[in-house]
Amino acid sequence: MGKLSKYIVDLKGLQENVTQYEYILDNQFFADLDAPEVQKGKVTVSLTIKRFSNAFELLFQTEGVVIVQCDRCLDEMEQPISSEDKFTVKFGAKYDDENESLIVIPEEEGTLNVAWFMYEFIALAIPMKHVHPSGKCNNLVSKKLGKLLRTSSNDEDLSEDDFMSEVVDDSSVDEERAIDPRWNELKKIFDNN
Ligand SMILES: [Zn+2]
């Protein structure tokens, strides 16, 4: 948690009614989090904290670009994201984030690490379907996929063999068959019929 200590906000110590923080989240941020879905990106988060008598309102304004895998060609692509999220923080006996719009933190500590909250807002801002703009996909892969999906085989710029040799390492499959005795058994059955 040491690497993420710079994302700890000392709510108890806030002097102003409104406090503003800005975080620039880059590849290092995602690496430090060891994040599951997003590993790269450059995102700016403006965090505005409003202090009320017995609560804090945290507003996160998220803007930037993350690197994700294109649904169509599986190459990396830049996905712009933009999001506004907020939740309330109150002091209580122990930490409780069951209710995602009201986080309770222990009063004696009075601090909250916002790293994972920022990550969640970024991950949620990524659209379900994300693909390169039309014509920007990795040509080789999309061409081959297109060829594979077409029923007509008149288009001979890529042979089926070219496709298979790239997608599946044929030699390793053959090797497995050679050493797997079940293949010999199968072969016997076919030879006898
Ligand atoms: Zn693509």
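Trainee: Let's start small. Which residue in strand 3 stands opposite E22?

Mentor: That would be S46. Keep in mind that we're looking at a predicted model.

Trainee: How do you know that strand 2 and strand 3 pair?

Mentor: Two strands count as paired if there are at least two bridges between them. Strand 2 and strand 3 have 8 bridges, in the antiparallel sense, so by that cut-off they are paired.

Trainee: What sheet do they belong to, and what is its strand order?

Mentor: An open sheet of 5 strands, in the order 2-3-4-5-6, with mixed pairing.

Trainee: What makes strand 2 and strand 6 the edges?

Mentor: Strand 2 and strand 6 each have a single partner strand, so one side of each has no neighbour in the sheet. On the geometry, the twist averages 25° from one strand to the next.

Trainee: You said the pairing is mixed. Which sense does strand 5 take with strand 6?

Mentor: Parallel, over 5 bridges. In that pair, G92 stands opposite P106 in strand 6. Strand 4 and strand 5, on the other hand, run antiparallel and are joined by 14 bridges, with F60 opposite D85 in strand 5.

Trainee: How many residues lie between the strands of the hairpin formed by strand 4 and strand 5?

Mentor: There are 6. One to look at is L74, in the loop between strand 4 and strand 5.

Trainee: What makes the phi of L74 worth a second look?

Mentor: Most residues other than glycine have a negative phi. L74 isn't glycine, yet its phi is positive, near 70°. D34 does something similar, with a positive phi near 55°. You'll find D34 in the loop between helix 1 and strand 3.

Trainee: Why is D34 called exposed?

Mentor: Count C-beta neighbours inside 10 Å: D34 has 8. The exposed class takes 12 or fewer, so D34 counts as exposed.

Trainee: And why is L74 called partly exposed?

Mentor: L74 has 13 other C-beta atoms within 10 Å. Exposed stops at 12 and buried starts at 20, so L74 falls in between and is partly exposed.

Trainee: Why does F29 count as buried?

Mentor: F29 has 25 C-beta neighbours inside 10 Å. The cut-off is 20 or more, so F29 counts as buried. F29 sits in helix 1, and its C-alpha is 9.8 Å from that of V43, 14 residues apart along the chain.

Trainee: What share of the 193 residues in the protein chain is buried?

Mentor: Buried residues make up 17%. As a general point, nonpolar side chains tend to be buried together in soluble globular proteins. In this model, the largest nonpolar core has 27 residues, and V114, M118 and I122 touch the most other members.

Trainee: Which elements give two or more residues to this core?

Mentor: Helix 1, strand 3, strand 4, strand 5 and helix 2. The largest share, 6 residues, comes from helix 2.

Trainee: Which residues of helix 2 are buried?

Mentor: A115, F117, M118, Y119, F121 and I122. The elements covering them include strand 2, helix 1, strand 3, strand 4, strand 5 and strand 7.

Trainee: Back to V114. What does V114 touch, not counting residues up to four places away in sequence?

Mentor: Y7, V9 and L47.

Trainee: What about T111: where is T111 found?

Mentor: T111 is in strand 7. Leaving aside neighbours within four places in sequence, T111 is in contact with I8, V9, D10, L11 and K12. Take D10: it is 101 residues away from T111 in sequence, but their C-alpha atoms are 4.5 Å apart.

Trainee: Why is T111 called partly exposed?

Mentor: T111 has 13 other C-beta atoms within 10 Å. That is above the exposed limit of 12 and below the buried limit of 20, so T111 is partly exposed.

Trainee: Zooming out, how many helices and strands are there in the protein chain?

Mentor: There are 6 helices and 7 strands. From the N terminus on, they run β-β-α-β-β-β-β-β-α-α-α-α-α.

Trainee: And what share of the contacts with a separation of 6 or more joins residues 24 or more positions apart?

Mentor: Those account for 56%. The T111 and D10 pair, 101 residues apart in sequence, shows how far along the chain two neighbours in space can be.

Definitions and conventions: Residues numbered from 1 in each chain as written. Predicted model: local features only at pLDDT ≥ 70, side-chain atom pairs only at ≥ 80, totals over all residues. Core = buried A, V, L, I, M, F, W, Y, C linked by C-beta atoms within 7 Å. Helix = DSSP H or I, 4+ residues; strand = E, 2+ residues; numbered from the N terminus. Contact = placed C-beta atoms within 7 Å. Axes fitted to C-alpha atoms, helices over the stretch in contact; angles between N-to-C directions.
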